[in-house]
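Colleague: Hello! Could you walk me through this structure, one question at a time?

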Amino acid sequence: MRAIFVMVKCDLGRAYDVAAQAVDTLEEVSEVYSTSGNYDLLVKCYLPEDSDIGRFVTERLQTLEGVRDTFTLITFKAFA
C-alpha cells in the first residue's frame, strides 16, 4: 500500500461535512485532520501500489460535495 496525503480546501463552513463524507464513503481514507492555514483538512489515504493516484484524487476525493481545491503529497518512504 502507498500512503498519500491530500490537503483539501473546502467551501466556507463545510470542512466538517467534507471530513465526514471522506471517512464514511472512501475506504482508502485512513484519517482526516482539520488544519489551519491555506487548507482546511489533511486527508491520509492508503492506495494499492498499482492504483492511479490522479484518478482517485480527481474522481473520488475532489468530487465530494463541498471540496473546493486539493493539493496532493505523494510519499516515498515511511520512517518509524
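**A guided tour**

Modeller: Gladly, and let us begin with a residue: Thr70 lies in strand 4. Before going on, please note that this is a predicted model, in which local features need pLDDT of at least 70 and side-chain atom pairs count only at pLDDT 80 or more, while totals for chains, interfaces and linings use all residues. Residues are numbered from 1 along each chain as its sequence is written, and side-chain values use heavy atoms, with hydrogens and water left out.

Colleague: Thanks! In what order do the elements of the chain run from the N terminus on?

Modeller: Helices (H or I, at least four residues) and strands (E, at least two) are DSSP runs, numbered from the N terminus. The chain has two helices and four strands. Read from the N terminus, their order is β-α-β-β-α-β.

Colleague: Is Thr70 buried or exposed?

Modeller: Buried means under 20% relative accessible area, exposed over 50%, and partly exposed in between (1.4 Å probe, protein chains only). Thr70 has a relative accessible area of 13%, so this residue is buried.

Colleague: Which residues is Thr70 in contact with, leaving aside its neighbours within four places in sequence?

Modeller: Contact means heavy atoms within 4.5 Å. Separately, the C-alpha atoms of Thr70 and Leu42 are 9.6 Å apart, with their positions 28 residues apart along the chain. Leaving aside neighbours within four places in sequence, the contacts of Thr70 are Val6, Met7, Val8, Tyr39, Val57 and Gln62.

Colleague: Tyr39 catches my eye. Which aromatic ring pairs with the ring of Tyr39, and why is the pair tilted?

Modeller: Rings of Phe, Tyr and Trp (its six-membered ring) pair if their centres lie within 6.5 Å; planes under 30 degrees apart count as stacked, over 60 as edge-to-face and the rest as tilted. A search of the whole structure finds one aromatic pair. Its ring centres are 6.4 Å apart and its planes stand at 45°, so the pair is tilted, and the partner of Tyr39 is Phe71.

Colleague: Where in the chain do Tyr39 and Phe71 lie?

Modeller: The pair links distant parts of the chain, 32 residues apart. Tyr39 is buried at 14% relative accessible area, whereas Phe71 is partly exposed at 42%. Tyr39 sits in the loop between strand 2 (29-34) and strand 3 (41-47), and Phe71 in strand 4 (residues 67-74).

Colleague: And Lys44: what is its relative accessible area?

Modeller: Lys44 lies in strand 3. Not counting residues up to four places away in sequence, Lys44 touches Ile4, Phe5, Glu28, Val29, Ser30 and Glu31. Lys44 counts as buried, with a relative accessible area of 18%.

Colleague: What about Asp24, is that residue buried or exposed?

Modeller: Asp24 belongs to helix 1 (residues 15-25). From C-alpha to C-alpha, Asp24 and Asp50 are 24 Å apart in space and 26 residues apart in sequence. With a relative accessible area of 64%, Asp24 is exposed.

Colleague: Which residues does Leu64 contact, leaving aside its neighbours within four places in sequence?

Modeller: Leu64 is found in the loop between helix 2 (53-61) and strand 4. Its relative accessibility is 11%, so Leu64 counts as buried. The C-alpha atoms of Leu64 and Ala19 are separated by 9.6 Å, although the two are 45 residues apart along the chain. Leaving aside neighbours within four places in sequence, Leu64 is in contact with Val18, Gln21, Ala22, Thr25 and Leu26.

Colleague: Last one: what is the radius of gyration of the chain?

Modeller: The radius of gyration is taken over C-alpha atoms, and the globule rule is 2.2 Å times the number of residues to the power 0.38. The C-alpha trace spans about 35 × 25 × 20 Å along its principal axes, and 32% of the 80 residues count as buried. With 80 residues, a compact globule would have a radius near 12 Å, which agrees with the value for the chain, 12 Å.
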